[in-house]
Amino acid sequence: MPALETRASVRAFALSLPGAFEDFPWEESAVVKVNKKIFVFLGAEGNDESAGISLKLMDEASHGHALTVPGAAPTGYGLGRSGWVTVPLTGTDVPVELLCDWVEESYRTIAPKRLVARLDAE
């Protein structure tokens with residue numbers, strides 16, 4: 001699946017989570033937030049070659065797994081120290097379902113308990 005199509009699928013999934021909304025704090029660079037807190041960085045739309053996402057993965061297994069993706073790395077600006085990982089969407093065979101699992105994990109880490117409970121009830 002092309003990177004931009006993968007990004008669109010991940011974006012749609014992230015926005016389907018309770019209380020999630022898209023924001024553009026840095027011009028064309030998109031993020032998805034819950035309760036005013038970012039749980040996934042989507043980057044700028046358009047260039048298939050630089051497509052990637054950043055998410056907060058606190059589970060040791062999923063964090064380690066994400067870092068095994070070719071080109072993945074701890075997120076810059078000091079976010080990597082807090083569990084954030086940047087995963088490229090170009091040149092990798094990461095299934096969209098796995099990316100969405102990681103988005104949900106990031107959401108569960110950031111979202112208020114009442115919204116996580118709503119997600120579990122759905």
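Here is a quick tour of how the pieces of this protein model pack and pair up. Keep in mind that you're looking at a predicted model. We'll go through its 3 aromatic pairs, its largest nonpolar core of 31 residues, one helix with two faces, its 5 salt bridges, and a couple of residues worth a closer look.

**Aromatic rings**

- A pair of aromatic rings is described by two things: how far apart the centres are and the angle between the planes.
- The structure has 3 aromatic pairs, and one of them joins Phe 39 and Tyr 107, with 5.2 Å from centre to centre and 80 degrees between the planes, which is edge-to-face.
- Phe 39 sits in strand 3 (residues 37-44) and Tyr 107 in helix 3 (residues 96-110), so this pair ties together parts that are 68 residues apart in sequence.
- Phe 39 and Tyr 107 are both buried.
- Phe 41 and Trp 84 also pair up: their ring centres are 5.3 Å apart and their planes meet at 75 degrees, so this pair is edge-to-face.
- Here strand 3 supplies Phe 41 and strand 6 (residues 84-88) supplies Trp 84, so the pair ties together parts that are 43 residues apart in sequence.
- Phe 41 and Trp 84 are both buried too.
- Add Trp 26 to Phe 41 and Trp 84, and you have one aromatic cluster.

**The nonpolar core**

- The largest nonpolar core has 31 residues, and the ones that touch the most other members are Phe 39, Val 40, Ile 53, Val 87 and Trp 102.
- Many elements chip in: helix 1 (3-16), strand 2 (29-34), strand 3, strand 4 (52-56), strand 6, helix 3 and helix 4 (113-121) each supply at least two residues of this core.
- Which helix gives the most to this core? Helix 3 does, with 5 residues.
- For a feel of the packing, look at Ile 53: leaving out residues up to four places away in sequence, its contacts include Val 10, Val 40, Phe 41, Leu 42, Val 85 and Leu 99.

**Helix 4 and its two faces**

- Leu 115, Val 116 and Leu 119 are the buried residues to find in helix 4.
- These residues cover an arc of only 100 degrees around the axis, which puts them on the same side of helix 4.
- Turn to the face that points away from the buried side and you'll meet the exposed residues Lys 113, Arg 114 and Ala 121.
- Strand 2 and helix 3 are among the parts that cover the buried residues of helix 4.

**Salt bridges**

- The whole structure has 5 salt bridges, including one between Arg 11 and Glu 22, whose closest N and O atoms are 2.8 Å apart.
- Arg 11 is in helix 1 and Glu 22 is in strand 1 (residues 20-26), so the pair ties together parts that are 11 residues apart in sequence.
- Arg 11 counts as partly exposed at 29% relative accessibility, and Glu 22 counts as partly exposed at 24%.
- Glu 104 and Arg 108 form another salt bridge, with 3.0 Å between the closest N and O atoms.
- Glu 104 and Arg 108 are 4 residues apart in helix 3, which means about one helical turn separates them.
- Glu 104 is partly exposed, with a relative accessible area of 22%, and Arg 108 is partly exposed at 32% relative accessibility.
- Arg 108 also meets Asp 120 in a salt bridge (2.6 Å, N to O).
- With Asp 120 in helix 4 and Arg 108 in helix 3, this pair ties together parts that are 12 residues apart in sequence.
- Put together, Glu 104, Arg 108 and Asp 120 are linked in a network of salt bridges.

**A lysine inside: Lys 56**

- Lys 56 lies in strand 4.
- Is Lys 56 buried or exposed? Lys 56 is buried, yet it has no salt bridge: Glu 105, the nearest side chain of opposite charge, is 10 Å away.
- Not counting residues up to four places away in sequence, Lys 56 touches several residues, including Phe 39, Trp 84, Glu 105 and Ile 110.

**A glycine in a loop: Gly 71**

- Where is Gly 71? You'll find Gly 71 in the loop between helix 2 (60-67) and strand 5 (73-74).
- Gly 71 has 67% relative accessibility, so it counts as exposed.
- Outside the residues up to four places away in sequence, Gly 71 touches Thr 86 and Pro 88.
- Gly 71 and Glu 60 are 11 residues apart along the chain, and their C-alpha atoms are separated by 19 Å.

How values were computed: Residues numbered from 1 in each chain as written. Predicted model: local features only at pLDDT ≥ 70, side-chain atom pairs only at ≥ 80, totals over all residues. Heavy atoms only, no water. Phe/Tyr/Trp six-rings, centres within 6.5 Å; stacked < 30°, edge-to-face > 60°. Buried < 20%, exposed > 50% of the residue type's maximum accessible area, 1.4 Å probe, protein only. Core = buried A, V, L, I, M, F, W, Y, C linked by side-chain atoms within 4.5 Å. Contact = heavy atoms within 4.5 Å. Arc of directions from axis to C-beta. Lys, Arg positive; Asp, Glu negative; His and termini not counted. Salt bridge = Lys/Arg side-chain N within 4 Å of Asp/Glu carboxyl O.
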